[in-house]
Amino acid sequence: MYDINKVREDFPILSRTVYGKPLVYFDNGATTQKPLCVLDAMREEYLNVNANVHRGVHWMSQQATDLHEAARETVRKFINARSTTEIVFTRGTTESLNLVASSFTEGCMQAGDEVIVSTMEHHSNIVPWQLQEQRKGIVLKVIPMTDEGVLDLQAYEQLFSERTKLVSVMQVSNVLGTINPVKEMIRIAHEHGVPVMVDGAQSVPHFAVDVQDLDCDFLAFSGHKVYGPTGVGVLYGKEKWLDKMPPYQGGGEMIEHVSFEKTTFERPPLKFEAGTPDYVATHGLAKALDYASALGMDKILAHEQDLTHYALQQLREIEGMHIYGHVGDSGDAVISFNVGNIHHMDLGTLLDQLGIAVRTGHHCAQPLMDRLGVLGTVRASFGLYNTREEVDALVSGIKRVVQMF
Ligand code: PMP
């Protein structure tokens, strides 16, 4: 049984007011709130255990190392990776994507080789590849999208050539909520002998993602979007690829032996983890994943789908409403829209005055905005703690704003 009132008690920030009105937090696609168990665990670690990891023989360093490495095992289990050696801690999805763009290009690509991305990607899955276009002469190919916000899989198949070395696609769009058929896309890519990187920033928080079932070669996600702390993220990578890729950064922790003549590196994952990791954040992330697992990812999904369907139904009745994507109610818990001629910023600002936090703008997906023919949208994105009453508040808020215009 999903007890939403009990869940909300775990997130005290949700009961605060803004401008004297109850907060309605619908900006979960940008970042999520943290349950008390995450905050308590991190405070406890700073209070009683804090010491640098991996290097110390002393008691607290070993305790901190144990927590950090236990967090790696929690992440492994959460995404069902084969081994903790496939779990690299990063600062977030952006760093995970940059790591692969940089190291995979260097280790596994030549000038003229091609990477396939999609029209709907976040800038963090476009710009790192463009940097490699400039630096290494790789070539970016783009999967087109239909007007309904669905990737064109036939066109995708035709993009493959003997120069294709990697596909990098998002599992869920942070704008449209579209759930891309990544399992099928991976199967197609593998038929061409091409590995696939999945941007899981907007999928991992919403439903169970099983890297072995998907058979993806890489998966990236951010801790702060899955009820964990900021500044920590994950790169999953199949061992065979991580072994082939050179280090991303150099420094402490990632070496086996250093001399001025020759330096040898640790094996993955440490090879990709130069410097002191945010070991308190990794512990916090593990607590967040444990929290989500205890609720049940299937129950979180069902709850958020109910909210999304409920919201779509009501939003569609508002005059002048234009919702992007969500054909046949198939999308995830992210709804982007514009209403009549009201500028998205005005709508967002007026909703804010009513205590409703939504996102406005291009959502770091300007090529997608160009494809949709808009400068920006208003985006409401739901989390495990949102309620139907909050959706009602959003709908009546939009209606109020519409009346003002
Ligand atoms: N990819 C997608 C789909 C996202 O939604 C985001 C965050 N908006 C990112 C990547 C980047 O995540 P971060 O800023 O946490 O690195």
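**Figure 1. The loop that holds Pro269 in the predicted model.** In this predicted model, Pro269 is placed in the loop between strand β12 (263-265) and helix α10 (279-295). The peptide bond that joins Pro268 and Pro269 is cis, with an omega of about 5°, and the view is centred on this bond between the two prolines.

**Figure 2. Backbone at Tyr227.** Although Tyr227 is not a glycine, its phi is positive, at about 70°. The residue belongs to the loop between β9 (218-222) and β10 (233-237), and the close-up shows Tyr227 together with these two strands on either side of the loop.

**Figure 3. Surroundings of the ligand.** Which residues are found around the ligand? They are Thr93, Thr94, His122, Ser124, Met170, Asn174, Asp199, Ala201, Gln202, Ser222, His224 and Lys225. Among them, His122 places a polar side-chain atom 3.3 Å from a nitrogen atom of the ligand. On the side of the ligand's oxygen atoms, an N or O atom in the side chain of Ser222 is 2.7 Å from one oxygen atom of the ligand, while a polar side-chain atom of His224 also lies 2.7 Å from an oxygen atom of the ligand.

**Figure 4. Division of the chain and the contact between domain 1 and domain 2.** The protein chain is divided into domain 1, which is made up of residues 2-29 + 295-401, and domain 2, which covers residues 37-292. Taken over C-alpha atoms, the centres of domain 1 and domain 2 are separated by 28 Å, and the contact draws 35 residues from domain 1 and 28 residues from domain 2. The area buried between the two domains is about 2600 Å², with carbon and sulfur atoms giving 59% of that area. Within domain 1, the residues that lose the most area to domain 2 are Met297, Asp332 and Arg371, which together account for 25% of what that side buries.

**Figure 5. Polar and charged pairs across the domain interface.** How many salt bridges are counted between domain 1 and domain 2? The count is one. Arg371 forms a salt bridge with Asp147, in which the closest N and O atoms are 2.8 Å apart. Across the interface of the two domains, 18 residue pairs are found in polar contact, both residues of each pair being at pLDDT 80 or more. On the side of domain 1 that touches domain 2, the elements that give two or more residues are α11 (297-315), β14 (334-339) and α13 (366-372), and α13 gives the most, with six residues. The residues of this side of domain 1 divide into 19 nonpolar, 11 polar and five charged.

**Figure 6. Salt bridge between Glu390 and Arg8.** The structure as a whole holds 20 salt bridges, and this view shows one in which the side chains of Glu390 and Arg8 meet, with an N to O distance of 3.4 Å. Because Glu390 lies in helix α14 (residues 388-404) and Arg8 in helix α1 (residues 4-9), the pair ties together parts that are 382 residues apart in sequence.

Key. Residues numbered from 1 in each chain as written. Heavy atoms only, no water. Domains from an automatic or database assignment. Contact = heavy atoms within 4.5 Å. Buried area = accessible area lost by both parts, 1.4 Å probe. Salt bridge = Lys/Arg side-chain N within 4 Å of Asp/Glu carboxyl O. Polar contact = N/O pair within 3.5 Å; in protein donor to acceptor, adjacent residues only side chain to side chain. Helix = DSSP H or I, 4+ residues; strand = E, 2+ residues; numbered from the N terminus. Nonpolar A, V, L, I, M, F, W, Y, C, P; charged D, E, K, R; others polar. Near = heavy atom within 4 Å.
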